[in-house]
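Hi everyone, thanks for coming. I'd like to walk you through one protein chain today, so have a look at the screen and get your bearings.

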Amino acid sequence: MTVCLLLLSVVAVTAAVPVPRALTRASWPEREPVVALWVWQCLVATVLLCCVTALALGAAAVFGTVRAQLFAPAPPAVTAAYDLSAAPPWAAALTVLLACGAAWTTAMLARELVEARRRRARARAHLRERAPDLPAGLPAAKGPLLVLEDEYPDAWWMPGSPPQLIVTTGALHRLTGHQLDAVLTHERGHARARHDWLLHLSTALATGFPRVPLFAHFCDQTHRLVELAADDTASRRCGHLTTALALIELNQHRGVLSCASSHRLLGERVDRLLEPPPRLGRRHRALTTTTAALVPLLPLLIAFAPGLTALS
């Protein structure tokens, strides 16, 4: 059991500190944002699985009631293979620490979901005020697209069931038909991929554990990569140039070409669309996704190894 806890700790620390720092310095995520999002999710899943399995083993070693429930269906040889009766003194401290971390993570996720629901309710109430002619308010709007009377050019999507696309008349006047199609395709890409859930998860983890490099980088990179992924969705349908021009027209008043840090991502997105980077080959893309999918299996393999060895 001691070896399992040490291996789980090594895997968790490796996935939480050096790997995300190396991934942020890599250039290929800009070329394959969807694959990069998958890799980040697999890293987060690996760390969380390491913590959960270590918590289960530590609790089984420290508390006899947990041990009896957890290993009740297992043969005696499997229970003996874990040697839970010889728990090291630090196992209790580690178990308490992991339990506190699990409770804190759950609280942060619940808080983020509650805050997101409140923000969405306020946004819908604001839209009802801006669109008073809608019968019975916003939920009665027909179709997934809502047009608002506003000279300020803007377009966004609001998560929900179903998600709502909102575009202002200022955007309709400024954009051509093909550019408007690119903007709406970009927003539909967010809705279809359910990027809102990824953003909520990354924000909650970064808020709860701001000093953990994986969670901090996961939050920053998720906000960046979801936009690149939606840009790719629009460019595949409408073309890179049309999507870039639509992005410029829609965000020109925000300083899309400014060097300010708050607008730097917009400039990077425009440059990326005007000069598309070379994409990874199909074989490399499949290899990357498969390898990333196998990484979260490491904690499970480490946790079940003693039991499988005893059965064999």
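I'll start with the whole chain and then go through a few spots in it. Keep in mind that what you're looking at is a predicted model.

Okay, the overview. The protein chain has 15 helices and 3 strands. Along its principal axes, the C-alpha trace spans about 75 × 50 × 35 Å. There are 312 residues, and buried ones make up 41% of them. If you take the contacts with a separation of 6 or more, 67% come from residues 24 or more positions apart. As for the outside, the accessible surface is about 16,800 Å², and 64% of that belongs to carbon and sulfur atoms.

Now, what does UniProt list as "transmembrane region"? The entry, which is unreviewed, gives residues 38–63, 93–114 and 286–308. In the model, residues 38–63 are 96% helix and 0% strand, with the end C-alpha atoms 37 Å apart. Residues 286–308 come out at 91% helix and 0% strand, and there the end C-alpha atoms lie 30 Å apart.

Let's move on to the nonpolar patch on the surface. L294, L297, L300, F304, L308 and L311 make it, and it covers about 590 Å². Which helix gives the most to it? That's helix α15, residues 297–311, with 5 residues. A quick bit of helix geometry helps here: an α-helix has 3.6 residues a turn, so residues three or four places apart point the same way. Take L300, which lies in helix α15. L300 counts as partly exposed because its relative accessibility is 30%, and partly exposed runs between 20% and 50%.

Next, the strands. β1, residues 145–148, pairs with β3, residues 164–168, in the parallel sense over 4 bridges. L145 has L165 in β3 as its bridge partner. The side chains of β1 alternate: L146 and L148 are buried on one face, while L145 and V147 point to the other face and are not buried.

Now find helix α13, residues 264–274. Its buried residues are L266, G267, R269, V270, R272 and L273. What covers them? The cover includes α3, α4, α9, α11 and α12.

Let's stay with α11 for a moment, because T222 is a nice one to click on. T222 is found in that helix, and it is buried, with a relative accessible area of 1%. Leaving aside neighbours within four places in sequence, T222 is in contact with L37, L198, L199 and S202.

Last topic: salt bridges. The structure holds 11 of them. D232 forms one with R272, with the closest N and O atoms 2.9 Å apart. D232 sits in helix α11 and R272 in helix α13, so this pair ties together parts 40 residues apart in sequence. D232 is buried, at 8% relative accessible area, and R272 is buried too, at 6%. Both belong to a network of salt bridges that links E32, D232, R272, R279 and R285.

E268 and R224 make another salt bridge, at 3.9 Å, N to O. Here E268 is in helix α13 and R224 in helix α11, 44 residues apart. E268 is partly exposed at 37%, and R224 is partly exposed at 22%.

One more: E112 and R119 meet at 3.2 Å, N to O. Buried or partly exposed, which is E112? At 11% relative accessibility, E112 counts as buried, while R119, at 39%, is partly exposed.

That's my tour, thanks for listening!

How values were computed. Residues numbered from 1 in each chain as written. Predicted model: local features only at pLDDT ≥ 70, side-chain atom pairs only at ≥ 80, totals over all residues. Heavy atoms only, no water. Patch = residues over 30% accessible without salt bridge, like charges linked within 9 Å, V, L, I, M, F, W, Y side chains within 5 Å. Areas by Shrake-Rupley, 256 points an atom, 1.4 Å probe, with all protein chains shown as cover. Salt bridge = Lys/Arg side-chain N within 4 Å of Asp/Glu carboxyl O. Helix = DSSP H or I, 4+ residues; strand = E, 2+ residues; numbered from the N terminus. Buried < 20%, exposed > 50% of the residue type's maximum accessible area, 1.4 Å probe, protein only. Contact = heavy atoms within 4.5 Å. Pairing = 2+ DSSP bridges. UniProt positions renumbered as here; feature names shortened; annotations may be inferred.
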